[in-house]
Amino acid sequence: MTDSKKTPYVSIENRPLLSVDEVEALTGVPAKIIRANVRNGLLKACMAGSTTMRIRRADLDAWLDALPAWHA
């Protein structure tokens, strides 16, 4: 018997919208750095409701591509 109310699992790599905690888990960048970049306008985010911040995967990828390379 299948549970029709059960939400299908979608892996974090395939989600179009990510929470700050999911972005942190996916990238290894601390949540406070992610939030600071959103506040500074360097990383786009959208609000799902009044307090739930979500980051589009495309915006995350663009932000990661724009990060400066570090050379020792």
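Helices (H or I, at least four residues) and strands (E, at least two) are taken here as DSSP runs, numbered from the N terminus. With that in place, Ser19 turns up in the loop between E1 and H1. The model is a predicted one, so local features need pLDDT of at least 70 and side-chain atom pairs count only at pLDDT 80 or more, while totals for chains, interfaces and linings use all residues. Residues are numbered from 1 along each chain as its sequence is written, and side-chain values use heavy atoms, with hydrogens and water left out.

Back to the loop. Ser19 has a relative accessible area of 15%, so it counts as buried (buried means under 20% relative accessible area, exposed over 50%, partly exposed in between, with a 1.4 Å probe and protein chains only). Setting aside neighbours within four places in sequence, Ser19 is in contact with Met53 and Arg54, contact being heavy atoms within 4.5 Å.

On one side of this loop is the sheet. It is open, has 3 strands in the order E1-E3-E2, and its pairing is antiparallel; two strands pair if DSSP finds at least two bridges between them. E1 and strand E2 (46–47) are the edge strands, each pairing on one side only. E1 and E3 run antiparallel and are joined by 2 bridges, and Leu18 stands opposite Ile55 in E3.

On the other side comes H1. Its buried residues are Val20, Glu22 and Val23. Seen down the helix axis, these fall within an arc of 160°, so they line one face of H1; the arc is that of the directions from the helix axis to the C-beta atoms. The face turned away from the buried side of H1 carries the exposed residues Asp21 and Ala25. As for partners, the buried residues of H1 pack against strand E1 (17–18), H2, strand E3 (53–56) and H3. After H1 comes Gly28, with a positive phi near 85°.

Then there is the largest nonpolar core, which has 12 residues in all, among them Leu18, Val20, Val23, Ala31, Ile55 and Trp63. A nonpolar core is a set of buried Ala, Val, Leu, Ile, Met, Phe, Trp, Tyr and Cys residues joined through side-chain atoms within 4.5 Å. At least two residues of this core come from each of helix H1 (20–27), helix H2 (31–39) and helix H3 (57–66), and H2 gives the largest share, 3 residues. Ala31 touches Val20 and Glu24, not counting residues up to four places away in sequence.
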